[in-house]
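The following paragraphs lead the reader through one protein chain, from its backbone and overall form to individual side chains. Please keep the sequence and the model in view while reading.

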Amino acid sequence: MAFLTEDKLVIVGAGGAIGSTMVQTALTMKLTPNLCLYDVYAPGMEGVMEEMFHCGYDGVNLTATTDVAEAFKDAKYIISSGGAPRKAGMTREDLLAGNCAIAKELGENIKKYCPDLKHLTVIFNPADLTGLVALLYSGLKPSQVTTLAALDSTRLQSAIAKQFGVKQYEVTGCKTYGGHGEQMAVFGSAVKVAGTPLTELIGTDKCSAEDWEQIKLDTTQGGAKIIQLRGRSSWQSPAYCSVEMIRSVMGGESFRWPAGTYVKNEKYQNIMMAMETTLDTNGCTYTMPVGTEEELAKLDASYEHLCKMRDELVTLNIVPPVAEWASINPNL
């Protein structure tokens, strides 16, 4: 099997658990032979390099560096997990100030060292805000930056499958929109369980109204559950889903789940959040989600929550007021 492209892919934070898993996943999927690992922590990154060498991948040009200029030179794709991880008792929002400062530096480095980048995927939390900050300072177009939101939809699918005792792939139409946090909007109106609409099953002996509320709660707290079970934030699922995202924009298989994208329309303004998205070689495009009145109201509430965090970034002097954004990135 040939590689999907020869373009350079950079994994930021490659010495960590998520980053190292992304490296292995990208090599296993044969996305590109030209893969660069970047991390400020050299020993961890060198350990990942040794592990990859021991895997014996054929035909790869694997490099690693602690120098951002070297890492980003000629880069066409970047996936960044280079923020502080979430710990027990923390929400994604607790990481706001520190990780958004890191995202600002990421964007500035992209503008300085690889302005011809084709696509950036940001996955460190709070992803909606870190992605927004990176987009602002990178100078990239909105279609060129996405954030990881898919885990919420896969967690919804998993929770429903457990409730009904079916295979996970037999649950279809699972989508969550808005923020990648506990204020996300869980949409169930299009879900089918082994071909039967979920709406016909809620309120029966198979799934009471209380069961459905618990499913939604389990979905929003899926990341916290991983921390509880494993003692640290999730790494395998975000790594896999983010590499699936970058594969789609490289020209590979379609991405099945919603992605976080920059939204500016009549209803929602100047925010990054999960929409109904398409990822391909043209980048990311979106349409507005379709749902019930209750679901759309939840999406509105999620948007308002994200706006409050965005405005907090202004107070923290990480970003200027929205009215000044175009002076930093004319694409916004």
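A residue is called buried when its relative accessible area is under 20%, exposed when that area is over 50%, and partly exposed in between. The coordinates under discussion are those of a predicted model. By the criterion just given, tryptophan 235 counts as buried, because its relative accessible area is 18%.

The surroundings of this residue can be described further. Tryptophan 235 sits in the loop that connects helix H9 (222-230) with helix H10 (236-249). When neighbours within four places in sequence are set aside, its contacts are Ala17, Ile18, Thr21 and Arg230. Serine 81 is 154 residues away from tryptophan 235 in sequence, yet their C-alpha atoms are 9.9 Å apart in space.

The chain as a whole provides the setting for these details. Twelve helices and 15 strands make up its secondary structure elements. The C-alpha trace spans about 60 × 50 × 35 Å along its principal axes. For 332 residues, a compact globule would be expected to have a radius of gyration near 20 Å, and the value of 19 Å for this chain agrees with that expectation. Of the 332 residues, 53% are buried. Among contacts between residues at least 6 apart in sequence, 72% join residues at least 24 apart. The exposed area of the chain is about 14400 Å², of which carbon and sulfur atoms supply 50%.

Charged side chains form the next topic. The chain carries 29 positive and 38 negative charges, whose mean positions lie 1 Å apart. Side chains of opposite charge can pair when their charged atoms come close. Nine salt bridges are found in a search of the whole structure.

One of these salt bridges pairs lysine 216 with glutamate 213, with 3.0 Å between the closest N and O atoms. The two residues are separated by about one helical turn, because they stand three residues apart in helix H8 (residues 209-220). Lysine 216 is buried, at 18% relative accessible area, whereas glutamate 213 is partly exposed, at 43%.

Another salt bridge joins the side chains of lysine 267 and aspartate 300, at 3.1 Å from N to O. This pair links distant parts of the chain, 33 residues apart: lysine 267 belongs to the loop between strand S12 (260-263) and strand S13 (271-274), and aspartate 300 to helix H11 (residues 293-315). Lysine 267 is partly exposed, with a relative accessible area of 41%, and aspartate 300 is also partly exposed, with 27%. Elsewhere, salt bridges with shared partners unite Glu244, Arg247, Glu253 and Arg256 in one network.

A further salt bridge connects aspartate 74 and lysine 73, whose closest N and O atoms are 3.1 Å apart. Aspartate 74 is exposed, with a relative accessible area of 52%.

Finally, the backbone geometry deserves attention. Most residues other than glycine have a negative phi, and most peptide bonds are trans. Asparagine 125 and proline 126 are nevertheless joined by a cis peptide bond, with omega at about -5 degrees. Proline 126 lies in the loop between strand S5 (119-122) and helix H5 (127-138). Alanine 194, which is not a glycine, has a positive phi of about 50 degrees; alanine 194 occupies the loop between strand S10 (192-193) and strand S11 (196-197). Asparagine 317 likewise has a positive phi, near 65 degrees. Asparagine 317 is located in the loop between H11 and helix H12 (325-328), and is exposed, with a relative accessible area of 65%.

Note on methods:
Residues numbered from 1 in each chain as written. Predicted model: local features only at pLDDT ≥ 70, side-chain atom pairs only at ≥ 80, totals over all residues. Heavy atoms only, no water. Salt bridge = Lys/Arg side-chain N within 4 Å of Asp/Glu carboxyl O. Buried < 20%, exposed > 50% of the residue type's maximum accessible area, 1.4 Å probe, protein only. Helix = DSSP H or I, 4+ residues; strand = E, 2+ residues; numbered from the N terminus. Contact = heavy atoms within 4.5 Å. Rg over C-alpha atoms; globule rule 2.2 N^0.38 Å. Areas by Shrake-Rupley, 256 points an atom, 1.4 Å probe, with all protein chains shown as cover. Lys, Arg positive; Asp, Glu negative; His and termini not counted. Charge placed at Lys NZ, Arg CZ, Asp CG, Glu CD.
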